[in-house]
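User: I should like to go through this structure by asking, for each label, what justifies it. Please set each value against its criterion before concluding.

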Amino acid sequence: MSSPATAAETAERATVRAGQGEPSWAIGGSYEVIRIIRLATDFWDRDTIPEQERIIGRRRNGQWLDGTPSTERAVFAADPHGKITPLDAHVRRAAPNPRTPHPMVRRSYNYHRAPDDQGLIFSCFQSDLEKGFEAVQRRLQGEAMAKYTLTTGGGYFFVPPPGDAWLRVLIQE
């Protein structure tokens, strides 16, 4: 899943637009999803590095398993049976066609509260939850990485558009 290259591309993926069936005050806002994901690092560390790379679908240096540099997009269509990048690898499940980006903008942050409590804070913004975050979550079902993760918190949020027009509409209702 590639990140947008420009501000316009970011806005296209993350911003509610007219004609989506949302109230007029929501246009220009964004849906945010936050997930706090605890990683079973002790369990993960027992696997070999090649197994970890197979589960993720990338080498530790970011290079794709087929040798494509990390700065380029993988071509999973050239490996339809998953002989190079397994069909249950995280990157393959999350973005089966990296050349067609998902309608969301995402970022993860590491957290470490204790040796047995560390993981990721995942955040993403999108104009449509069903086509963005929820579509990816459906594809991730059955991925090899699932046994190493536990979602412990988070939520769905709406980030209002700039300005206070949205607030005036809510106060009047």
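User: How much space lies in the largest pocket, and what makes it a pocket instead of a cavity?

Analyst: In this predicted model, about 1400 Å³ of space lies in the largest pocket. A cavity is a set of points where a 1.4 Å probe fits but cannot get out, whereas a pocket is an open set; the term pocket therefore says that the space is open.

User: Which residues lie nearest the centre of the largest pocket, and how many residues line it?

Analyst: The lining comprises 46 residues, and I56, H90, V91, L120 and M145 are those nearest the centre. A residue counts as lining because it has an atom within 4 Å of a grid point. By class, 23 of the lining residues are nonpolar, 13 polar and ten charged.

User: Which element supplies the largest share of the lining?

Analyst: Strand β2 does, with five residues. Other elements that supply at least two residues each include the strands β1 (30-39), β3 (117-126) and β4 (149-159), and the helices α3 (49-56) and α4 (90-94).

User: In what order do the four strands of the open sheet stand, and what makes a strand an edge strand?

Analyst: The order is β2-β3-β1-β4, with antiparallel pairing. An edge strand pairs on one side only, and β2 and β4 are the strands that do. Neighbouring strands of the sheet are turned by 15° against each other on average, direction ignored.

User: Why are β1 and β4 called paired?

Analyst: Pairing requires at least two bridges between two strands; ten bridges join β1 to β4, so the criterion is met. The two strands run antiparallel, and E32 stands opposite F157 in β4.

User: How do you know that β3 pairs with β1 and with β2?

Analyst: With β1, strand β3 shares eight bridges in the antiparallel sense; here I37 stands opposite L120 in β3. With β2, the count is ten bridges, again antiparallel, and the bridge partner of R107 is S123 in β3. Each count satisfies the requirement of at least two bridges, so both pairings hold. β2 and β3 form a hairpin, with two residues between them.

User: What makes β3 mostly covered?

Analyst: Seven of the ten residues of β3 are buried. A residue is called buried because its relative accessible area is under 20%.

User: Why is the contact between R38 and D117 called a salt bridge?

Analyst: The closest N and O atoms of R38 and D117 are 3.2 Å apart. The limit is 4 Å between a side-chain nitrogen of Lys or Arg and a carboxyl oxygen of Asp or Glu, so the pair qualifies. R38 lies in strand β1 and D117 in strand β3, so the salt bridge ties together parts that are 79 residues apart in sequence.

User: Are R38 and D117 buried or exposed, or in between?

Analyst: D117 has 10% relative accessibility, under the 20% limit, and is therefore buried. R38 has a relative accessible area of 31%; this value falls between 20% and 50%, so R38 is partly exposed.

User: What joins R113 to the pair R38 and D117?

Analyst: The side chains of D117 and R113 meet in a salt bridge at 3.0 Å, N to O. R113, at 61% relative accessibility, is over the 50% limit and so counts as exposed. A further salt bridge links E130 and R138 at 3.1 Å, N to O. Salt bridges that share partners join R38, R113 and D117 into one network.

Note on methods:
Residues numbered from 1 in each chain as written. Predicted model: local features only at pLDDT ≥ 70, side-chain atom pairs only at ≥ 80, totals over all residues. Heavy atoms only, no water. 1 Å grid on protein atoms, 1.4 Å probe; cavity = no way out; pocket = protein on both sides within 12 Å on 5 of 7 lines; lining within 4 Å. Points joined across faces, edges and corners; volume = space filled by probe spheres on them. Nonpolar A, V, L, I, M, F, W, Y, C, P; charged D, E, K, R; others polar. Axes fitted to C-alpha atoms, helices over the stretch in contact; angles between N-to-C directions. Buried < 20%, exposed > 50% of the residue type's maximum accessible area, 1.4 Å probe, protein only.
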